[in-house]
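Trainee: I am new to this structure and would like a close look at a single part of it. Could you take me through the surroundings of the ligand, step by step?

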Amino acid sequence: MPLLEEKVTHFETKLTHADDRIRLSHWLPPQWGGMPHIRFGKRWINICWLLPLGFLCLLIGIAVAQELRQIPAVQAFLARYPGHLTSPVKWYGFPTWLRLMHFFNLFLMFLIIRAGIQILADHPRLYWNVNCTPGTEWFRFQHPVPAGRIWTAKDDSVTIPGWLGIPGIRHSIGLARWWHFSCDLLWVINGAAFYVMLFVSGQWAKLIPRSWEVFPNAVSVAIQYASLQFPSNDSWVRFNSLQQLTYFFTVFGAAPLAILTGLMQAPAIANHLGWLGRVFHRQVARSIHFFVMSYFVFFILVHLTMVFITGLVGNVNKMFAGVNDNGGYAGLAIFLPAMAIVVIAWAIATPFTIRHARLVQKTGHFIIGWLKGLVEWFDPNRHYTQADISPHFWPNGTMPNSEEYNALARDNFAGYALRVGGLVANPQVFSFAELKAMPKQEQITEHFCIQGWSGVAKWGGIPMRHILDLVKPTPQARYAVFYSLAEGGEGGRYYDVHRLENMAHHLTLLAYEMNGEPVSVLHGAPLRLRCENELGFKNIKWIEAIDFVADFSHLGAGQGGYNEDHEFYGYRMPI
Ligand SMILES: Nc1nc2c(c(=O)[nH]1)N[C@H]1C(S)=C(S)[C@@H](COP(=O)(O)O)O[C@H]1N2
Ligand SMILES: [Mo]
């Protein structure tokens, strides 16, 4: 059937090439959100109030602590618990590995946090419920969702300054994720090596509290700091108890929690975890992930302040030069250039990413793409119940607006046909009636948009396995290319590439029903894909044709899909 072959492959010509850099004139125009607000019941409170409030608490804390120190019982308490344990010390100093890992850690942390905030700006709302119904968020830096018009998740994304986010422009989550995930991997490797070295070297004894007395001692330190009579700083030998508890929590509490709550946001992982994935669903994980980030920012601010006000020269001598010396400048001689590296990296991350977006995408893919791909092996098997269906399901993407599509829609898609061809034994054109007569499968599943929102819906349609059985991909076929009836945001057909393994999964569906009704135009009529271990953008809407190929590098800009080409996403996105 040469004619049929042509009909499918001819879609290639409707794809557009994409720039390897971001051209701001072609990008989503900037849109500033609001100040960050937290919701208490029906009231929204501006978090800027935290600044004067925090300052007031600090003042009151100082006054209270100074009064406390006048009380004999408190003086006795301070004498009994000086602020550190008095057990003998074996591990002095800061070895080279520790100082180096400390620096790598801080260098990566800045990039991770900046890219993380950029990711958040793509859906600047946090929720405790999985439905993400507008108005139910507990935190936002965006205005309420406008009523009376279609408001997609992309419409909702906001601009943040380029010095804060990477790369600072609106809806740049694709690039921010390469930064975030690549630095994450390096950070995890650094952290794992740190754990190992701690225990190999014996330095763990400095970091891990081993007696309950650490708690009264920590209270003692807090009173001493707050009353502005600082305890003696002898971190060369041992940390004071408050310091020890804080470092301990940061290394063994906050860091693992950041990793876990990061992973739990991935469709392939959360969909694999059954009840655990339902209780700690994506929005819970995302909210906790945000708290951990806030904790890290708070920790960095306090830590830096303490480094500066408790004797900068001595502190950097210890932590950067590894010498117990309160006078010389060996520490500063390393600290200042090290900070210069941080500042330079900070300054160039955003402009570099805008100028060399494709390179950032490819580098990110090289560093972390293989690991993300591995997550596809988790079998998504979670089902929700009818009662879990979200009352609101965010729409997303660029709507179809061709005459061809509108004519089909006017006719309730009676004239619609799905073309399936390429490397298959039986290329076919299925009429809508034929498709609906095929075996039907229903599933209630959660949708994970890359931007951060989620939603549960019941989908009904044809298992993709059935289509595979009918058309029989040849042994050369490795990928299924889906072509949409709609264009993408910058023009040219929206398309997306999936690995054949994912297409054979029992939950992969060509859906023509959503929540028991025909899929609406907004959500992908007449046919849209459900692939439950991938992020939302891979669930292509308004499908016109499926083409089986051995390779996709000749399609569009060769990245495996429209958003992959134009927004620098990865084509395997189970996380
Ligand atoms: N053809 C096409 N399909 C698309 C998109 C698009 O822009 N064009 N957007 C994707 C994105 S980013 C998401 S999150 C989902 C949204 O599906 P929904 O509108 O049903 O929520 O559709 C995906 N499929
Ligand atoms: Mo999305």
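Mentor: In this predicted model, ligand 1 sits in the largest cavity, and 20 residues surround ligand 1 there, the closest being W394, G397, H523, R528 and K541. If you sort the residues of this shell by character, you find 10 nonpolar, eight polar and two charged ones.

Three polar contacts can then be followed one by one, each of them to an oxygen atom of the ligand. A polar backbone atom of W394 is 2.7 Å from an oxygen atom of ligand 1, and a backbone N or O atom of T398 lies 3.1 Å from an oxygen atom of ligand 1, whereas R528 takes part through its side chain, with a polar atom 2.9 Å from a ligand oxygen. Taken alone, ligand 1 exposes 530 Å², and the protein buries 100% of that area.

To place this site within the chain, turn to the domain assignment, which gives domain 1 as 2-21 + 383-566 and domain 2 as 91-121 + 160-211 + 239-375. The centres of domain 1 and domain 2, taken over C-alpha atoms, are separated by 38 Å, and 23 residues of domain 1 are in contact with 21 residues of domain 2. W394, T398 and R528, with their polar contacts to ligand 1, carry numbers that fall in the 383-566 segment of domain 1.

Methods
Residues numbered from 1 in each chain as written. Chains lettered and ligands numbered in written order. Predicted model: local features only at pLDDT ≥ 70, side-chain atom pairs only at ≥ 80, totals over all residues. Heavy atoms only, no water. Near = heavy atom within 4 Å. Polar contact = N/O pair within 3.5 Å; in protein donor to acceptor, adjacent residues only side chain to side chain. Areas by Shrake-Rupley, 256 points an atom, 1.4 Å probe, with all protein chains shown as cover. 1 Å grid on protein atoms, 1.4 Å probe; cavity = no way out; pocket = protein on both sides within 12 Å on 5 of 7 lines; lining within 4 Å. Sits in = over half its atoms within 2 Å of the grid points. Nonpolar A, V, L, I, M, F, W, Y, C, P; charged D, E, K, R; others polar. Domains from an automatic or database assignment. Contact = heavy atoms within 4.5 Å.
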